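Subject: Structure for your review

Dear colleague,

Please find below the structure that I am handing over to you. My notes on it follow, and I would be grateful if you read them with the model open beside you.

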Amino acid sequence: MLDIQQLRRDLDGVVAQLARRRYPQLPLDVPRFQALEAERKQIQVATEQAQARRNALSKQIGQLKGRQAKGEAGAEAEAAALMVEVNGLADELQHGAERLEGIQAELSAMLMAIPNLPHASVPDGADETANVEVRRWGTPATYAFTPRDHVELGAALGLDFETGAKLSGSRFTFMRGPAARLHRALAQFMLDTQTLEHGYTECYTPYIVNREVLEGTGQLPKFKDDMFWVFRGSDGSEGEGAASEQYLISTSEISLTNTVREQVLEAAQLPIKLTAHSPCFRSEAGSAGRDTRGMIRQHQFDKVEMVQITHPEKSYEALEQMVGHAEAVLRKLELPYRVVALSTGDMGFGAAKTYDLEVWLPGQNAYREISSCSNCEAFQARRMMARFRPVVDGRQGKPEFVHTLNGSGLAVGRTLVAVLENHQRADGSIGIPAALRPYLGGMEVLEP
């Protein structure tokens, strides 16, 4: 969520920044915002005046009642007349308070639908074609045979798309034998790399979360159709003993980041670095017809997530570190990749800046996304009310919003795809990278 004070101070500047995102239409109804703000100011001025008038009248009434007690003629009638005016002011104040509450609710809903402002360093552009390549690592292998994609390779290794579809429909995968073992080994390898080498604390999180948790990280209300909805009472009620609105997580970023919601942290606690391996559930509502073959775009997939909660002055340093933490996994697995900075038109809703890591897939003869690392600055923290107490000249200052970052370290299914395709052999076997062998009992080759 953006800071409403920023919109009030520099509306034109905010509009210019939002325009960089190249949405089909500006995600802020400027005339409506201005009208609400004008009405809010008018009501607040009128309220202050009415309160001052009521206070003055109450003082006069008190004085008149004192004179009435002394038997002064006309004091009672004069006090009664003033009481009528006081009662009218009370009605006016109540009406103003109710209208002000409605305005604040509409402004809040408006803010919840506005994306984050892009950082100045983000390249401008309408879509992924404007993304900027930052660097590459590794050279795609050449083969003495025609390389196969993971669907062909995986059939003999236990990747079973037919059974997945029979059980749950399209975009689900069933794994058995070597494929399932490789998938598990990759997740364990990633967790160990992030915890033992990069300093993240391993977590286990719920896979079902409440509505307000998704609002905190920005999935709701805008992307409700992309979530798998679990249950809600017919009357919309929530709470103990009542059905509530809950959703399957689309990433453990949601649950990890919300661990600091409604908290005021001490500066010494920062940075907080968390990681978790979890399934992720996405309806892929806006991707009909895209990547229907294989494991690239699934309704259910696993991911090892990285989250950092940082001091605002350290968040962009942390972003570069997180990209490096994801790169380390790809390098250990001997997978060629490139890092790209996303353009303003390709970034996610809550991100101020995003890097994607794209791994080389011989079966597609293309680089495909395998990790996305984003700095959300204070956007999520403001929605979650996640703050910290800065230390200024040895003294604690007023609470400020933390910055939140998230990144994949990595998407497990896509990493499995990359290992199969990049380390394939002519006979359909798969060479196991040295760093992964301890997680497979020392196995050097995955046999069909």
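How many bridges join β8 to strand β14, and do these strands run parallel or antiparallel? There are 3 bridges between β8 and β14 (residues 387-389), and the two strands run parallel. Please keep in mind throughout that this is a predicted model.

The sheet of 3 strands

β8 and β14 belong to an open sheet of 3 strands, whose order is β8-β14-β17 and whose pairing is mixed. At its edges are β8 (264-266) and β17 (400-401), each of which pairs on one side only. If you wish to locate the pairing of β8 with β14 on screen, look for E266, which stands opposite R389 in β14.

The sheet of 8 strands

Another open sheet is made of 8 strands in the order β1-β11-β12-β13-β18-β10-β9-β4, again with mixed pairing. Because β1 (132-137) and β4 (201-203) have a single partner strand each, one side of each of these edge strands has no neighbour in the sheet. From one strand to the next, the twist averages 25°. As background, the strands of a sheet pair through backbone hydrogen bonds, and the pairing may be parallel or antiparallel.

Let us begin at the β4 edge. β4 runs parallel to β9 (residues 272-281), and 3 bridges join the two. T201 has L274 in β9 as its bridge partner, and E202 is partnered with T275 in β9. On to the pairing of β9 with β10: these strands run antiparallel and are joined by 10 bridges, with K273 matched to Q308 in β10. Of the 10 residues of β9, 9 are buried, so this strand is largely enclosed by the rest of the structure.

A helix also packs on this sheet. Helix α12 (residues 412-422) touches β9, β10 (300-310), β12 (353-361), β13 (366-375) and β18 (403-411), and its direction makes about 40° with that of β18.

Strand β12 and its partners

Why can β12 be called largely enclosed by the rest of the structure? The reason is that 9 of its 9 residues are buried. In a regular strand, the side chains alternate between the two faces of the sheet. In β12 both faces are covered: K353, Y355, L357, V359 and L361 are buried on one side, and T354, D356, E358 and W360 are buried on the other.

β11 (residues 337-341) runs antiparallel to β12 and is joined to it by 5 bridges; here R338 has E358 as its bridge partner. β12 also pairs with β13 in the antiparallel sense, over 9 bridges, and K353 stands opposite N375 in β13. The hairpin formed by β12 and β13 has 4 residues between the strands, and N365 in this hairpin takes a positive phi near 55°.

The nonpolar cores

The largest nonpolar core has 49 residues, and those that touch the most other members are L182, L186, M190, L330, L420 and L436. Helix α7 (residues 177-197) gives the most to this core, contributing 8 residues. L330 is a useful place to look: beyond residues up to four places away in sequence, it touches W137, L335, Y337, L357, V359, I370 and L410. Another core, of 21 residues, lies apart from the one just described, and its members include V30, F33, M110 and F349.

The cysteines

How many disulfides does the structure hold? It holds 0. For reference, a disulfide is a covalent bond between the sulfur atoms of two cysteines. C203 is in no disulfide, and the nearest cysteine sulfur, that of C280, is 15 Å away. C203 counts as partly exposed because its relative accessibility is 23%. For C376, the closest cysteine sulfur is in C373, at 11 Å, which is too far for a bond. C376 is buried, with a relative accessible area of 3%.

The surroundings of D160

Lastly, I draw your attention to D160, which is placed in strand β2 (residues 159-160). Is D160 buried or exposed? D160 counts as buried because its relative accessibility is 15%, and the cut-off for buried is under 20%. The side chain of D160 makes a polar contact of 2.5 Å with that of T163 and a polar contact of 2.8 Å with that of R176. Apart from neighbours within four places in sequence, D160 is in contact with T173, F174 and R176.

Yours sincerely

Notes
Residues numbered from 1 in each chain as written. Predicted model: local features only at pLDDT ≥ 70, side-chain atom pairs only at ≥ 80, totals over all residues. Heavy atoms only, no water. Pairing = 2+ DSSP bridges. Axes fitted to C-alpha atoms, helices over the stretch in contact; angles between N-to-C directions. Contact = heavy atoms within 4.5 Å. Core = buried A, V, L, I, M, F, W, Y, C linked by side-chain atoms within 4.5 Å. Buried < 20%, exposed > 50% of the residue type's maximum accessible area, 1.4 Å probe, protein only. Disulfide = S-S within 2.5 Å. Polar contact = N/O pair within 3.5 Å; in protein donor to acceptor, adjacent residues only side chain to side chain.
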